[in-house]
Amino acid sequence: MLSIDYLAETEKSKVYSALEFSSAAHKGQVRKSGEDYISHPIAVAEILTSWKLDSKALCAALLHDVVEDTHINVENISSEFGENIANIVDGLSKLDKIKFDTKSQEQSENFRKMFLAMSRDVRVILIKLADRLHNMRTLDALSQIKQQEIATETIEIYAPIAYRLGLNQIYHELEELSFRSLYPNRFHVLSKAVVSARGNRKEIINKIKKSIVECLHHNQIKSTVTGREKSLYSIYKKMLEKKLSFEEVFDIYGFRITVGDLNDCYLALGIIHQNFKPLPGKFKDYIAIPKKIMVINPYIPLFLQIIVCQLRYKFVQLICIKLLSLDSLAIGFIKTTIQI
Ligand code: MN
């Protein structure tokens, strides 16, 4: 039931024995939503399979709540699954014990530092983030007060950690889910505004996309172009920070262009600049001059190169060329704004 085809047979059977062990330990326990408790560790492990994490990380994910919530202790896990997995589970249990009581920016920063320092094995952080992501996705089952508490902690501690690690997709989802819980009204007003703006701009977006595809194709750059929309929380943040109205936030839509390698990144950028005029001061090359992002490996293979283009409404577009790993683990990108 887990998507672990990328693992060798022996590794797969380890994962399944951890699943069996965890199911037996959590037997009879249910989540607030009424589902069997084991559905949670399974969902966490499933998130990790999309990052192609190794079998030890998946075993630890399946066992991550066993020490907290059942009679099993770390020694039991160690004798059953080895010291390595037991250490990861132990690290996760210890993180659970810290009470993140965020009152100030400075305090949040200290918590984030402490969190990172306590997780010497990067798999601990990744499992913790996946755990939080699943809890946020299923937040509705909890009381209003609990929801607010968890959402605040997520937006102040966990989302910035995901951002710092370059895990953009999870970072945006954590922020979006927190935003929805913390400010349901603002969330709904903005999402309505985006839906109606989407309708009005559809034609121009399609036209721009077509012209990008054509000029890349014309120059024999193998690429795929897909659309993408700025998250509601990013729009909200921009409106707050720059004191803009919704209509003044232009870069709501974007395109993602995927290319095969670094050379094609720069070639594509050159072609874009030849065909569309770049805006002065709106160009950054994070491949040559990397952004300060913590590089985490060796558990996540870095092999995908992606160009990200963001489109600006009203004939202006912002294009980012992004070098990413398997799941948006950014190692650098080129960003340019052009006029069309
Ligand atoms: Mn959990």
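These notebook entries record what I looked up in a predicted model, from the chain as a whole to its cores and two helix pairs.

**Entry 1, the chain.** I began with the secondary structure, and I found 13 helices and six strands in the chain. I then turned to burial, where 34% of the 340 residues of the chain count as buried. For the contacts I looked at residues at least 6 apart in sequence, and 70% of the contacts between such residues join residues at least 24 apart.

**Entry 2, the cores.** I looked next for nonpolar cores, keeping in mind that in soluble globular proteins nonpolar side chains tend to be buried together. The largest nonpolar core has 49 residues, and I noted Leu48, Ala61, Ile127, Leu129 and Ala162 as those with the most contacts inside it. Helix 8, which spans residues 122–137, gives the most to this core, contributing eight residues. I followed Ile127 further and, leaving out residues up to four places away in sequence, I found that Ile127 touches Val44, Leu48, Ala57, Ala60, Ala61, His64 and Leu92. There is also a second, separate core of 11 residues, and I noted Cys265, Ala268, Leu269 and Ile272 among its members.

**Entry 3, helix 1 and helix 3.** Two packed helices are described by the angle between their axes and the distance between the axes. For helix 1 (residues 9–25) and helix 3 (residues 55–62), I read that the axes come within 9 Å and cross at roughly 10 degrees. Since angles under 35 degrees count as roughly parallel, I recorded helix 1 and helix 3 as roughly parallel to each other. On the helix 1 side of the contact I listed Glu11, Lys14, Val15, Ala18, Leu19 and Ser22, which meet Ser55, Leu58, Cys59 and Leu62 in helix 3. Sorted by type, the residues of this contact between helix 1 and helix 3 are six nonpolar, two polar and two charged.

**Entry 4, helix 5 and helix 6.** I then examined helix 5 (residues 74–81) and helix 6 (residues 83–97), which pack at an angle of about 150 degrees with their axes 7 Å apart. With angles over 145 degrees counting as roughly antiparallel, I entered helix 5 as roughly antiparallel to helix 6. The crossing in which helix 5 passes helix 6 is right-handed. From helix 5, Val74, Ile77, Ser78 and Phe81 meet Glu83, Ile85, Ala86, Val89 and Asp90 in helix 6. I sorted the residues of the contact of helix 5 with helix 6 as well, and they divide into six nonpolar, one polar and two charged.

Key
Residues numbered from 1 in each chain as written. Predicted model: local features only at pLDDT ≥ 70, side-chain atom pairs only at ≥ 80, totals over all residues. Core = buried A, V, L, I, M, F, W, Y, C linked by C-beta atoms within 7 Å. Buried ≥ 20, exposed ≤ 12 C-beta atoms within 10 Å, placed from the backbone. Contact = placed C-beta atoms within 7 Å. Axes fitted to C-alpha atoms, helices over the stretch in contact; angles between N-to-C directions. Parallel < 35°, antiparallel > 145°, perpendicular 65-115°, else oblique. Nonpolar A, V, L, I, M, F, W, Y, C, P; charged D, E, K, R; others polar. Left-handed = near helix turned anticlockwise from the far one by under 90°.
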